[in-house]
Amino acid sequence: MQFTDLQAQYAALKTEINARMQRVLDHGQYIMGPEVAELETALAARTGVRHCITVASGTEALLIALMTLRLQPGDEVVTTPFTFAATAEVIVLLGGVPVFVDVEPDTGLIDAARIEAAITPRTRALMPVSLYGQVADMAAIQAVANRYGLSVIEDAAQSLGATYLGQESCSLSTWGATSFFPSKPLGCYGDGGALFTNDDALAQAAREIRVHGQSARYTHTRLGVGGRMDTLQCAVLLAKLPRFEWELQRRAALGQRYREALAGLNLDLLAVRPERTCVWGQFTVMVDGRDEVVAALKAAGIPTAVHYPRPLHRQPAYERYAAGAFCPVSEQLAARVLSLPMSADLTELDQDRVIAALSAAVGLRG
């Protein structure tokens with residue numbers, strides 16, 4: 001059993017993917033070929049924003065978003081410690097300071113009610129993370145941002161296709177930033193990412209930054225990076241896009257099936273807020289004695305993962321920025337979260353194997 005079954009997905013789309021990639025090989029425009037603009041147009045239409053800018057990775061998307069906001073050394077960005085390192089990494093790379101705010105115990109998402117207390121005169125932006133496929137409370141977060149004149153960047157690496165109050169993830173704030181890492185809900189066959197915005201000036205800045213700050217060939221109007229997404233990866237995503245809506249529906253059905261089957265077990269399920277949908281970038285539960293549960297599942301041939309075993313304010317690279325950070329919920333979740341196999345091509349038979357093995361490992365709720 002695969003944790004994320006990319007082979008089955010490729011088998012279903014082999015003809016389309018091969019044809020799309022062959023087209024790129026035939027025209028030979030491997031950098032900024034026509035598929036780049038085609039994908040950007042399609043994704044902008046899907047999310048309902050004016051601008052989509054593809055970039056080299058989800059990390060690069062966050063970095064470029066901060067660069068368009070002209071983050072300066074010492075500027076603070078309020079974010080969550082319960083996330084992958086890239087969220088804080090890009091802040092620190094630009095000389096900024098990540099300010100960690102604890103998360104909700106039942107979702108793992110940044111606790112919007114705690115954000116305002118973390119804002120100082122140095123705060124430049126808010127960077128909530130959409131975790132496990134569900135968006136944070138973006139209306140509440142945006143309200144805080146509006147009161148203080150701050151920009152909001154949604155780290156939506158795991159949530160493309162999810163909705164909040166009927167709006168698509170990546171369309172909810174100043175910037176939406178997603179990843180096309182292969183295991184994401186929409187993944188390519190290498191690294192890739194995208195930025196989404198309705199702000200014309202920010203979009204133009206991002207387009208220039210991703211090509212070394214060029215406004216025209218060899219005219220460098222701003223500092224930039226080599227941040228382009230290559231044409232072959234865009235071609236892969238274009239082949240996958242027609243199936244994406246079916247995959248989202250399938251993920252929703254599998255997620256609901258997990259939730260119903262696991263409801264009576266001696267574990268905790270993550271909440272999905274009623275005004276939101278979740279694309280189950282990971283299907284994650286909370287268990288006590290996680291190491292023993294992982295070992296039991298491994299013995300049964302069930303792969304698992306932990307997203308994430310140590311929050312960022314306890315990571316050696318970021319502890320220096322976390323003086324005074326009090327994030328007990330993040331620490332409690334880090335000790336208990338466990339991700340189960342999930343992808344649109346997970347079969348019910350394999351899902352039943354996961355459920356049976358997990359049931360045997362944790363037992364019924366007493």
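Here is a short chat about how this predicted model is put together.

Residues are numbered from 1 along each chain as its sequence is written. In this predicted model, local features need pLDDT of at least 70 and side-chain atom pairs count only at pLDDT 80 or more, while totals for chains, interfaces and linings use all residues; side-chain values use heavy atoms, with hydrogens and water left out.

Visitor: Which are the edge strands of the open sheet?
Guide: Strands here are DSSP runs of E with at least two residues, and helices are runs of H or I with at least four, numbered from the N terminus. Two strands pair if DSSP finds at least two bridges between them. The sheet has 7 strands with mixed pairing, in the order β1-β9-β8-β5-β4-β2-β3. Pairing on one side only marks the edge strands, β1 (51–55) and β3 (97–100).

Visitor: What is the bridge partner of Val-77 in β4?
Guide: Strands β2 (residues 76–79) and β4 (residues 123–127) run parallel, joined by 4 bridges. Look along β4 for the partner of Val-77, and you land on Ala-125.

Visitor: What angle does helix α4 make with β3?
Guide: Axes are lines fitted to C-alpha atoms (for helices, over the stretch in contact), and angles run from 0 to 180 degrees between N-to-C directions. Contact means heavy atoms within 4.5 Å. Helix α4 (residues 86–93) packs on the sheet and touches β2, β3, β4 and β5 (151–155). Its direction and that of β3 make an angle of about 145°.

Visitor: Which element gives the most to the largest nonpolar core?
Guide: A nonpolar core is a set of buried Ala, Val, Leu, Ile, Met, Phe, Trp, Tyr and Cys residues joined through side-chain atoms within 4.5 Å, where buried means under 20% relative accessible area with a 1.4 Å probe, protein chains only. The largest one has 54 residues, and Ile-115, Leu-126, Ile-141 and Phe-180 have the most contacts inside it. Elements giving two or more residues include α2 (34–47), α5 (138–148) and β9. The top giver, with 6 residues, is α7.

Visitor: How many residues are in the second, separate core?
Guide: Met-67, Val-77, Trp-175 and Ala-203 are among its members. The total for this second core is 25 residues.

Visitor: Why is α1 called roughly antiparallel to α7?
Guide: Among the residues that meet are Leu-13 and Ile-17 in α1, and Leu-232 and Val-236 in α7. Helix α1 (residues 6–27) packs against α7 with their axes 8 Å apart, at an angle of about 150°. Angles over 145 degrees count as roughly antiparallel, so that is the name for α1 and α7: roughly antiparallel.

Methods
Buried < 20%, exposed > 50% of the residue type's maximum accessible area, 1.4 Å probe, protein only. Parallel < 35°, antiparallel > 145°, perpendicular 65-115°, else oblique.
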